[in-house]
Amino acid sequence: PLNNLATVYSYQKKYREAEALYSTVLEISEKALGPAHIGTSSALNNLAYLYESEENYAEAEKFYNRAIEICEKDMKSNYPELKYSLNGLANIYRSQGKYEEAESYLEKMLAIAEKVTGPESVDLAETLNSLARLYRTQGRYSEAEAALKNAIDIGEKALGANNPSMKPYLGNLATVYFYQKRYDDAEPLLE
């Protein structure tokens, strides 16, 4: 209940109230479960995301890194939390224009996703989509296109070509084409 209320406060941009509750949840988790328990990493991720939302990147980075330390001990069991933490760090670095750091975390996510969920998993496609967005931000359109075509291929095999979950990949590829003035390539992807 505390965590849920903190999330509501966060969505309402009542960051001080959310921070107080998330901090309480973290204290309870550390005492009840221990500082290295996966449940504690979830509390760390929640605080990290709150700080990220406030653009308090130094604090967010600190909490994401603590969560990663916990999750890396058993990547397979802790994969969802680890993915969340790595993605959070990548987002922080991308927001600050630290593209090399962002890319390194996304590549790490890619390697872990392939190892844990397999070479044709939706998680792998999602990570490729995130990497492609980073490439697009930097104007690295050919790399973005290649990553997205790979994500689309994986997504179609895992979900089916007409699944609504494919829209972000197709939309991102259309945006890459748009930036290159390849309008005839972009249009069918948006239909």
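In which helix is the place of Thr137? Thr137 belongs to helix H7, residues 122-137; helices here are DSSP runs of H or I with at least four residues, numbered from the N terminus. The structure is a predicted model, in which local features need pLDDT of at least 70 and side-chain atom pairs count only at pLDDT 80 or more, while totals for chains, interfaces and linings use all residues. Residues are numbered from 1 along each chain as its sequence is written, and side-chain values use heavy atoms, with hydrogens and water left out.

Thr137 has a relative accessibility of 40% and therefore counts as partly exposed. That class lies between buried, under 20% relative accessible area, and exposed, over 50%, with a 1.4 Å probe and protein chains only. Not counting residues up to four places away in sequence, Thr137 touches Arg94 and Tyr99, where contact means heavy atoms within 4.5 Å. The C-alpha atoms of Thr137 and Gly97 are 9.4 Å apart, although 40 residues separate the two along the chain. Within H7, a polar atom of the Thr137 side chain lies 2.9 Å from the backbone oxygen of Arg133.

Thr127 also lies in helix H7. With 1% relative accessibility, Thr127 counts as buried. Its contacts, residues up to four places away in sequence not counted, are Leu106, Met109, Leu110 and Ala113.

These contacts lead to helix H6, residues 99-117. H6 has 19 residues and reaches 26 Å from its first C-alpha to its last, close to the 27 Å expected at 1.5 Å a residue; the expected span is 1.5 Å times one less than the number of residues. The buried residues of H6 are Ala102, Glu103, Tyr105, Leu106, Met109, Leu110, Ile112 and Ala113. An α-helix has 3.6 residues a turn, so residues three or four places apart point the same way. The cover over the buried residues of H6 includes helix H4 (57-71), helix H5 (79-95) and H7. After H6 comes Gly118, with a positive phi near 100°.

Toward the start of the chain, two loops contain a residue other than glycine with positive phi. Lys13 sits in the loop between helix H1 (2-11) and helix H2 (15-32), and its phi is near 65°. With a relative accessible area of 59%, Lys13 is exposed. Glu55 is in the loop between helix H3 (38-53) and H4, and its phi is near 60°. Glu55 is exposed as well, at a relative accessible area of 58%.

Helix H3 also holds Thr40. Is Thr40 buried or exposed? Thr40 is buried, with a relative accessible area of 0%. The residues that Thr40 touches, leaving out those up to four places away in sequence, are Leu26, Ser29, Glu30, Leu33, Gly34, Pro35 and Ile70.

Further along the chain, Lys149 has its place in helix H8. Lys149 counts as partly exposed because its relative accessibility is 45%. Its C-alpha atom is separated by 9.6 Å from that of Ala125, 24 residues away along the chain. Lys149 touches Leu173 and Tyr177, not counting residues up to four places away in sequence.

Both of those partners are among the buried residues of H9, which are Tyr169, Asn172, Leu173, Ala174, Val176 and Tyr177. What covers the buried residues of H9 includes H7, helix H8 (141-159) and helix H10 (183-186). The end C-alpha atoms of H9 are 18 Å apart, in agreement with the 18 Å that its 13 residues should span at 1.5 Å a residue. Just after H9, Lys181 has a positive phi of about 60°.

Which helix gives the most to the lining of the largest pocket? Helix H9 (residues 167-179) does, with three residues. A pocket is an open set of points on a 1 Å grid over the protein atoms alone where a 1.4 Å probe fits, with protein on both sides within 12 Å along at least five of seven lines; lining residues have an atom within 4 Å of a point. The volume of the largest pocket is about 180 Å³, a volume being the space filled by probe spheres set on the points, which are joined across faces, edges and corners. The lining has 13 residues, of which Met166, Lys167, Leu170, Leu189 and Glu191 lie nearest the pocket's centre. By class, the lining residues are seven nonpolar, three polar and three charged; Ala, Val, Leu, Ile, Met, Phe, Trp, Tyr, Cys and Pro count as nonpolar, Asp, Glu, Lys and Arg as charged, and the others, Gly among them, as polar.

Key: A polar contact is a pair of N or O atoms within 3.5 Å; within protein, one must be able to donate a hydrogen and the other to accept it, and residues adjacent in sequence count only if both atoms are side-chain atoms.
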